[in-house]
Amino acid sequence: MQKGRLTIPTDETYVEGTKKFITYWNADAVRDCDGVSLPKDVKQFKTDVYKAYFIVREDHEYAKAHPEYWQNTALISERYTAKSDVLEIDLLKNTFKEAFSVNAERYREFWQVIDRTTGQIHEDWEYLGNDVVRITSAKKYHEYTVNFFAKNCWDPVQIYNYHVNNWTCDKDVDLDPVYPEALEHMLFRMEKWLKENPDVTVVRFTTFFYNFLIVNVTGIKQRIWDWHNYAMTASPAMFDLFEKETGEKMTLENLIGGGYYSNRFTVPDETMRKYVDFVQRKCAERAKKFVDLCHKYGKKALMFDGDHRVGVEPYSPYFPSIGLDGVVGAPSSAIYAQQVANIKGVKFTEGRLNPYFFPNECPGDERGTQILYSCWDGIRRGLMKKPIDRIGFGGYLKQIENYEKLKVAIKNVCDEFRSIRENIGENKCFTKANVAVISYWGRLDTFMMNGIFVDDPRQDGFYYTAMLTALAILPVDVDFISFDDVINGDLNKYDVLVSDGIPGTSFQGDKCWKNPELTAKIREFVDNGGGFVGVGEPSGYQYQGRYIQLSDVLGVEKECNFRHFEKRDDMKPIGNHFITDGVDMTKIAFNSNVRGMYPLTASVIKMRYDESYPYGWQNAGHIDLAVNEYGKGRSVYLSGVASCNESFRLIYNAILWACGKEDEKKIVYSENSGVDAYYYANGEKYALINSTAEPQCTEFYDKWGYKSIIELKPKEIKWLLDADSVIKQTKSTEIE
């Protein structure tokens with residue numbers, strides 16, 4: 001059994017305890033954590049030493065002396081209705097005022113007062129000071145807002161930690177590297193720090209420059225939390241630099257977008273899209289300077305994909321140029337595990353597991369153990385396709401000193417992770433199809449669609465998460481491509497295109513589906529033998545007498561209350577199909593929020609009627625699952641499904657059918673949907689993983705199609721060698 005591949009926290013008050021945990025869990029690296037310091041003699045641990053380094057925050061004296069270099073945020077006021085021709089707006093109403101102060105620098109040049117009833121810029125206004133804008137010549141009963149810059153007076157991440165943990169330390173203020181003098185100082189400070197910390201072997205950047213948008217109402221209550229948002233990169237200086245280097249003028253409304261803040265769900269205007277690319281390019285250029293310093297002093301550079309990640313997102317086209325050695329994320333699902341594992345341009349990837357060893361996040365032995373196993377159960381299936389290289393924990397070790405059950409659970413998880421990593425090594429998982437997920441953002445949001453976070457399943461995203469989870473665990477290659485990639489790229493390298501976005505969002509495409517080049521390219525791909533799988537309202541946009549713009553490919557259309565005059569035939573499901581073979585359909589919950597889908601040329605497999613609008617009524621019913629032939633190709637329509645093993649099996653069958661690979665189903669395959677099967681050709685090794693808490697028995701088919709009966713204990717992973725078609729059990733791992 002391998003040792004190591006594990007990072008654990010330590011601090012100067014818990015040296016001997018740390019040594020015991022290093023031995024017990026076989027850790028090979030220690031790290032500091034927020035609010036504590038590393039021991040002075042860290043060499044005694046005989047491990048790698050990670051230390052967090054904050055480029056833009058924690059430099060308190062310099063920040064106090066140079067408020068002109070503080071970061072800014074683009075904000076919009078609340079909406080106010082004018083009831084006379086004069087209206088006063090409090091810019092920071094409903095906002096935690098310790099976090100922001102209004103930045104009136106060149107305010108006439110950048111701020112915008114907008115009549116939200118007409119969408120027009122309103123010119124008659126003045127800033128009175130004390131956060132108040134007075135509007136004159138207002139139109140009665142029109143709504144007005146103000147777009148403005150505010151200085152960040154307190155690091156948004158520290159605000160939360162400060163209040164939750166009752167800190168009394170200095171408040172961090174974020175400096176902005178857009179100012180050359182500030183950037184030069186940051187580099188000078190870091191080089192000095194590197195010289196003063198010779199025993200640190202890994203610098204853990206948390207992260208680089210700009211935080212995603214967080215707006216607080218109080219010290220703890222947050223009004224906005226958006227992991228992809230660029231509002232905190234904006235400032236007069238950044239807008240100036242953008243115009244200087246691109247020749248294009250950026251306005252606050254380009255970013256704020258009526259109050260949506262051009263969040264990742266929206267299709268941005270062209271200027272905003274160029275701004276995102278510009279910020280990513282500049283951040284990569286600056287981040288490389290800090291990484292090069294680490295290498296100059298013989299240290300590895302690791303980025304935490306969390307705080308201050310905006311501009312250096314791991315799937316940015318400029319990210320590999322930074323030269324980082326590693327990235328650490330905090331996966332709690334198969335989706336997030338694959339998002340971390342597939343990052344390119346680094347030598348290793350690491351996953352920080354839950355729970356954090358903080359009192360509020362690990363409040364007892366039983367609860368801490370439950371959180372750990374829930375996290376591990378979520379990610380380990382994703383690791384079977386492509387594992388991350390390391391795992392780790394954060395917080396205070398002393399918090400769990402007497403948590404006996406949790407300590408054993410952590411040992412079990414670490415041992416199982418090392419077993420997975422040792423058995424798979426660098427081998428590629430055997431796959432049966434090459435799948436491309438299409439959306440506006442493409443690779444930038446690899447495994448990060450439909451949520452404000454990586455794998456946020458809440459609200460409408462719930463029924464779209466199942467597809468991403470399935471793609472994270474099924475033996476298929478997955479790429480995430482943009483609509484521009486579809487139009488300009490070679491689709492022939494893919495077997496199946498997948499559309500899996502919440503209707504009306506950038507992930508689904510919305511107005512992008514008006515583009516004739518996009519629809520024509522997909523039609524050509526399917527007509528020539530490709531597969532297409534659409535979830536929800538794929539290609540949905542009301543245009544030219546159609547809502548589903550690829551209705552000919554999918555063979556379905558959506559009733560949008562414009563075609564009630566048509567008398568359509570009653571829907572008649574065809575019954576059994578390859579896609580439903582071996583699937584317990586009673587366990588699948590389809591997306592009842594998608595309504596009015598009806599067949600044109602598609603064959604309906606599964607549908608539903610409303611109780612008050614039943615079979616036999618004109619144009620009643622809603623399709624949940626349908627298939628269609630289009631030229632030499634095939635398409636599958638799904639309303640969306642809730643995540644469960646049967647849903648993943650259904651999606652697996654749909655992908656194979658769409659690309660005409662039904663005959664390959666029972667190759668490296670488990671009949672039991674609770675057991676996943678994988679094959680690693682270079683290692684000539686199979687893995688069967690029981691994802692359930694119950695014993696399972698399954699018919700297993702090897703790479704030749706030979707069948708054997710395999711029994712697995714709860715949560716067990718069996719590793720089997722492939723020797724001339726004879727399956728021999730070599731060893732297994734399990735968590736009690």
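How exposed is asparagine 26, going by its relative accessible area? Keep in mind as we look that this is a predicted model. Asparagine 26 has a relative accessible area of 25%, and buried means under 20% while exposed means over 50%, so asparagine 26 counts as partly exposed. You'll find this residue in the loop between helix 1 (15–25) and strand 2 (29–31). Its backbone is worth a look too: phi of asparagine 26 is near 60°, a positive value in a residue other than glycine.

Arginine 106 makes a nice companion. Phi is positive here as well, about 50°, although arginine 106 is not a glycine. This residue sits in the loop between strand 7 (100–102) and helix 3 (107–110). With 33% relative accessibility, arginine 106 is partly exposed.

**The whole chain**

Let's zoom out. The chain is built with 16 helices and 37 strands. Its radius of gyration is 27 Å, close to the 27 Å that the globule rule gives for 736 residues, so the chain is as compact as a globular protein of that length. If you line up a box with the principal axes, the C-alpha atoms fill roughly 75 × 70 × 45 Å. Of the 736 residues, 62% are buried. Now take the contacts with a separation of 6 or more: 72% of them are between residues 24 or more positions apart. On the outside, the accessible surface comes to about 28900 Å², and carbon and sulfur atoms account for 48% of that.

**Strands side by side**

Strands of a sheet pair through backbone hydrogen bonds, either parallel or antiparallel. You can find both kinds in this model, and here are some pairs to look up:

| Strand pair | Direction | Bridges | One pair of facing residues |
|---|---|---|---|
| Strand 20 (434–439) and strand 21 (477–482) | parallel | six bridges | valine 437 and phenylalanine 480 |
| Strand 10 (125–129) and strand 11 (132–135) | antiparallel | four bridges | tyrosine 127 and valine 133 |
| Strand 34 (696–701) and strand 35 (707–712) | antiparallel | six bridges | glutamate 699 and isoleucine 709 |

What lies between the two parallel strands in their β-α-β unit? That's helix 12 (residues 462–473), and together with strand 20 and strand 21 it makes a right-handed unit.

The antiparallel pairs belong to bigger arrangements. Strand 10 and strand 11 are part of an open sheet of three strands, in the order 6-11-10, with antiparallel pairing. The edges are strand 6 (87–90) and strand 10 (125–129), each pairing on one side only. On average, neighbouring strands of this sheet are turned by 25° against each other, direction ignored.

Strand 34 and strand 35 are also in an open sheet of three strands, with the order 31-34-35 and antiparallel pairing. Here strand 31 (669–670) and strand 35 (707–712) are the edge strands, and each pairs on one side only.

**Cis peptide bonds**

Where in the chain is proline 355? Look in the loop between strand 18 (348–352) and helix 10 (365–383). The peptide bond leading from asparagine 354 to proline 355 is cis, with omega near 10°.

Another cis peptide bond joins threonine 206 and threonine 207, and its omega is about -25°. Threonine 207 belongs to the loop between strand 13 (202–205) and strand 14 (213–216).

Key. Residues numbered from 1 in each chain as written. Predicted model: local features only at pLDDT ≥ 70, side-chain atom pairs only at ≥ 80, totals over all residues. Heavy atoms only, no water. Pairing = 2+ DSSP bridges. Right-handed = clockwise from strand over helix to strand, strands pointing away. Rg over C-alpha atoms; globule rule 2.2 N^0.38 Å. Buried < 20%, exposed > 50% of the residue type's maximum accessible area, 1.4 Å probe, protein only. Contact = heavy atoms within 4.5 Å. Areas by Shrake-Rupley, 256 points an atom, 1.4 Å probe, with all protein chains shown as cover. Axes fitted to C-alpha atoms, helices over the stretch in contact; angles between N-to-C directions.
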